[in-house]
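This briefing presents a short protein chain for inspection at the bench. Please keep the sequence and the structure in view while reading the points that follow.

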Amino acid sequence: MAIDDCSEVTSVEGTLRISTTSPERAARRFDRKPHVSARLVWLTLAGTATFAP
């Protein structure tokens, strides 16, 4: 979840929580783990999602 001055990330399992300065920085932290990937999902007001690799 991106907020004005930070981003909060929780793993699907709920066992990991990260607080960073940007969503992109949070996604990079997941890239360091083997067999783990992260995707940024941007929701619009219309309710559709945009995925960033």
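What does the accessible surface of the protein chain come to, and what percentage of it belongs to carbon and sulfur atoms? The surface comes to about 4500 Å², and carbon and sulfur atoms hold 55% of it. The model is predicted. The points below treat the chain as a whole, then glutamate 8, its salt bridge with arginine 17, and the largest pocket.

**Overall architecture**
- The protein chain contains five strands and one helix.
- Read from the N terminus, the order of these elements is β-β-β-α-β-β.
- The chain has 53 residues, of which 23% are buried.
- Among contacts with a separation of 6 or more, 2% join residues that lie 24 or more positions apart.

**Glutamate 8 and its surroundings**
- Glutamate 8 is part of strand β2, which spans residues 6–10.
- Its relative accessible area is 18%, and glutamate 8 is therefore classed as buried, the cut-off being under 20%.
- Leaving aside residues up to four places away in sequence, glutamate 8 touches Met1, Ile3, Arg17, Ile18 and Ser19.
- Two of these neighbours also meet glutamate 8 through side-chain polar contacts: arginine 17 at 3.0 Å and serine 19 at 2.9 Å.

**The salt bridge**
- Side chains of opposite charge can pair when their charged atoms come close.
- In this model the count of salt bridges comes to one.
- The partners are glutamate 8 and arginine 17, whose closest N and O atoms are 3.0 Å apart, within the 4 Å cut-off for a salt bridge.
- Is each partner buried or exposed? Glutamate 8 counts as buried because its relative accessibility is 18%, whereas arginine 17 counts as exposed because its value is 63%, the cut-off for exposed being over 50%.
- The salt bridge thus joins a buried glutamate 8 to an exposed arginine 17.

**The largest pocket**
- The volume of the largest pocket is about 520 Å³.
- Its lining consists of 21 residues, and those closest to the pocket centre are Val9, Thr10, Phe30, Ala38 and Arg39.
- Strand β2, helix α1 (23–30) and strand β4 (40–43) each contribute at least two residues to the lining.
- Strand β2 thus appears in two of these topics: glutamate 8 lies in this strand, and the strand supplies at least two residues of the pocket lining.

Notes:
Residues numbered from 1 in each chain as written. Predicted model: local features only at pLDDT ≥ 70, side-chain atom pairs only at ≥ 80, totals over all residues. Heavy atoms only, no water. Helix = DSSP H or I, 4+ residues; strand = E, 2+ residues; numbered from the N terminus. Buried < 20%, exposed > 50% of the residue type's maximum accessible area, 1.4 Å probe, protein only. Polar contact = N/O pair within 3.5 Å; in protein donor to acceptor, adjacent residues only side chain to side chain. Contact = heavy atoms within 4.5 Å. Salt bridge = Lys/Arg side-chain N within 4 Å of Asp/Glu carboxyl O. Areas by Shrake-Rupley, 256 points an atom, 1.4 Å probe, with all protein chains shown as cover. 1 Å grid on protein atoms, 1.4 Å probe; cavity = no way out; pocket = protein on both sides within 12 Å on 5 of 7 lines; lining within 4 Å. Points joined across faces, edges and corners; volume = space filled by probe spheres on them.
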